Amino acid sequence: MGSAVIYIRLRQKFKAKINEVIRIKKMAQIIAPENLRHRINELAVYHVTEEDNSFIVIDVMDVIKEIYQLYPDLDIQTVGPPQAIVEVESKKRKMMPLFFIIVWLLLFIGAGLTIMNFHEDVSMRGVHQKIYYLMTGKTNDKPLILQIPYSFGIGIGMILFFNHIFKKRFNEEPSPLEVEMFNYQQDLDQYVIVQEKQKSELKKHHD
Amino acid sequence: MIKDVFLIVVGFSSGLAVGCGFVAFLTVLGIIPRLAQLTKTFRFIRAYEWSIVVGALFGTWVGLRDIHLATAPVFLIPIGLASGIFVGMLAAALTEVLNVLPILAKRIGINEQILILLMALVLGKVFGSLFHWTIFVDD
């Protein structure tokens, strides 16, 4: 079996619980001869303990090391990302509903205030009066017939931009917000990989 | 005569600066591509550019002159709605450029309920605007 080749592909990101033993089958896809695969899948790579941070980075080298100890003759090929991020699930991650309501109200009042500031800032009232005069030839200090549709239009415009009507969407394309969330998550992941790697390398040097 | 030439130069250059600024602002916020993407009409993006230019010119002209029509006030409803939608898209695009929601959602540990937070912003804008026009401004 000396010339057997196995291929490993790490998962980019997955969740684990405290005290869980992470086995290879959980963190990677493996292509290997049938008899080897079951043995390799059950190999333990990492034991999550209380002391771990909320993120652990496992390098593909750690995985290879485990396999190498048992089967030094195998030809191991890696495909895909060189690290896997483990998100440690802790119990306190549940969010308080009260907290959520406060944030919601904060956004609600803040959004209302900013639109009022904006209107005052650009003399929206004067513009509306001017538009009213332009169309009807009469003056009206409070052209509500223009301003009420305008107010609802603001809401429609925001929803259109984010491509959501509450939960329904107009087409399958991701909204800019979803793309933004994705990019932000990628940046965070990249940061975690670099930071955690440095930390664990420091630890190894001290050992 | 020399005064007139000076005024023409000043007027033309300030118009140039304002026009550039307006287009730059719209480009940064990316509202036109977003609308084209929603309606799948990327082919007409040139026509949309012209729509912006003609609209800005028209607005400038009627804003500076004292011309007016004599139509019924009902026609103001679609105009109000359209200008509201445009302002709403501007506001949404600004929020998006500033990256507020992703960071906020991450901080307080929610991902699924981000829609509800979005609705807080949307409803806040609508009610803030309604409040402004109906109650806040004095007659």
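Q: What makes up the roughly 8600 Å² that chain B exposes?
A: In this predicted model, carbon and sulfur atoms supply 76% of the area of about 8600 Å² that chain B exposes.

Q: How many of the residues in chain B are buried, as a percentage?
A: Buried means under 20% relative accessible area. Of the 139 residues in chain B, 32% are buried.

Q: What does the radius of gyration of chain B say when set against the globule rule?
A: The rule is 2.2 Å times the number of residues to the power 0.38. For a compact globule of 139 residues that gives a value near 14 Å. Chain B has 20 Å. The C-alpha trace of chain B spans about 70 × 40 × 30 Å along its principal axes.

Q: Why is the pattern of chain B written with α alone?
A: Helices are DSSP runs of H or I with at least four residues, and strands are runs of E with at least two. Chain B has 6 helices and 0 strands, so its pattern reads α-α-α-α-α-α.

Q: Which residues of helix α5 in chain B are buried, and how do you know they share a side?
A: Helix α5 covers residues 100-107, and B:Leu101, B:Pro102 and B:Ala105 are buried there. They cover an arc of only 100° around the axis, so they lie on the same side of α5(B).

Q: What share of the contacts in chain B with a separation of 6 or more joins residues 24 or more positions apart?
A: That share is 49%. A contact here means heavy atoms within 4.5 Å.

Q: How many charged side chains does chain B have, and where do the centres of the two sets lie?
A: Chain B has 9 positive and 7 negative side chains. The two centres lie 13 Å apart.

Definitions and conventions. Residues are numbered from 1 along each chain as its sequence is written. Chains are lettered from A and ligands numbered from 1 in the order in which they are written. This is a predicted model: local features need pLDDT of at least 70, side-chain atom pairs count only at pLDDT 80 or more; totals for chains, interfaces and linings use all residues. Side-chain values use heavy atoms; hydrogens and water are left out. Buried means under 20% relative accessible area, exposed over 50%, partly exposed in between (1.4 Å probe, protein chains only). Accessible areas come from the Shrake-Rupley method with a 1.4 Å probe; for residues, only the protein chains shown count as cover. Lys and Arg count as positive and Asp and Glu as negative; His and the chain ends are not counted. The place of a charge is taken as NZ of Lys, CZ of Arg, CG of Asp or CD of Glu. The arc is that of the directions from the helix axis to the C-beta atoms.
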